[in-house]
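Biologist: Hello! Could you teach me how to read a structure like this one?
Modeller: Gladly. Let's look at it together.

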Amino acid sequence: MSSSASQRRADEYSLSEEEYRFVCKLVYDCTGIVLDERKREMVYRRLMRRVRETGLPSFSSYCERLKNDEQELPAFINSITTNLTSFFRENHHFEYLKSQIIPDLIRGKSDRKLRIWSAACSTGEEPYSIGISLLEAMQGRLQEWDAKVLATDLDSECIEKAKAGIYKTERISALQDNRQKRWFMKGKSTTSDSVKIKSEVAALITFKTLNLLHDWPMKGPFDVIFCRNVLIYFDRATQAELIARYHALLSQGGYLMLGHSESLPADYIGFEVVGRTVFRRL
Ligand SMILES: C[S@@+](CC[C@H](N)C(=O)[O-])C[C@H]1O[C@@H](n2cnc3c(N)ncnc32)[C@H](O)[C@@H]1O
């Protein structure tokens, strides 16, 4: 490309101050995610991909589309969210679930109901890790229980991927061999580099699209809520509001798991700390 053509292209795809402010406000209003000047490069890259997909010639025409066509919003939001996750990420939570929570619930619950929510589940690795932990902890006795894992995320593409339960083999390479063999099926073709989660794990999980900022259709109570590595994207008011809503939806003595760099507001009195980023409803 000639230098004048590449200059023209760069100009076409420039994102003005006003456009960036518009994008930040729209993301905040729709998702609660706070974007600032430090995120500008990242937002630019992610949004650029979406602008190209639409075939629109510039950011300004894309901003116009966003103003006039609500149907563009899901794809816009999907393009902005950070979906980083992995199987057994922050493994101490799954160890705690297996060694403390499940045994306690088995002893204490006469209704034989277990309810776990993975809020902001991304592409499904977190709820499948919960399902595997449940099956391992219950050692064949899970059929005697009414156990369900609800897994939700704002990003509809993530939910579709999660429902499919198919992952590149490298995504499970850090798991012990016996776990890989026990809970995943290899792709059929010899050249396949994918694995699929086994149906006995998948059967425990219901995936739904849900914006944490909106009303929640579930009544609860939940025994455990995983809300990991999403509060960090929100401001303090949104974090506090969500924590109060989780508190209300947990059973008494229920557990809230947060991500490694997340915590409860300093003066929050509804939970006790029982482990590394593990909180128990009082
Ligand atoms: C970094 S991932 C965390 C995934 C998983 N919990 C973990 O810790 O590995 C954050 C997820 O939060 C989701 N998210 C962001 N804002 C949300 C909102 N308002 N409601 C629901 N999910 C949201 C994103 O779509 C993304 O999949």
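Biologist: Is Cys227 buried or exposed?
Modeller: Buried means under 20% relative accessible area, exposed over 50%, and partly exposed in between, with a 1.4 Å probe and protein chains only. Cys227 has a relative accessible area of 0%, so Cys227 is buried. Cys30, at 15%, is buried too. Please keep in mind that this is a predicted model, where local features need pLDDT of at least 70, side-chain atom pairs count only at pLDDT 80 or more, and totals for chains, interfaces and linings use all residues. Residues are numbered from 1 along each chain as its sequence is written, and side-chain values use heavy atoms, with hydrogens and water left out.

Biologist: How many disulfides are there?
Modeller: A disulfide is a pair of cysteine sulfur atoms within 2.5 Å. By this rule the count is zero.

Biologist: Why does Cys227 have no bond to Cys121?
Modeller: Because the sulfur in Cys121, the closest cysteine sulfur to that of Cys227, is 11 Å away, too far for a bond. For Cys30 the closest cysteine sulfur is in Cys24, and 12 Å is also too far.

Biologist: Which polar atoms lie by the ligand's nitrogen and oxygen atoms?
Modeller: A polar contact here is a pair of N or O atoms within 3.5 Å. A polar side-chain atom of Thr85 is 2.6 Å from a ligand oxygen. Polar backbone atoms serve elsewhere: that of Ala120 lies 2.8 Å from a ligand nitrogen, and that of Thr31 lies 2.9 Å from a ligand nitrogen.

How values were computed: A polar contact is a pair of N or O atoms within 3.5 Å; within protein, one must be able to donate a hydrogen and the other to accept it, and residues adjacent in sequence count only if both atoms are side-chain atoms.
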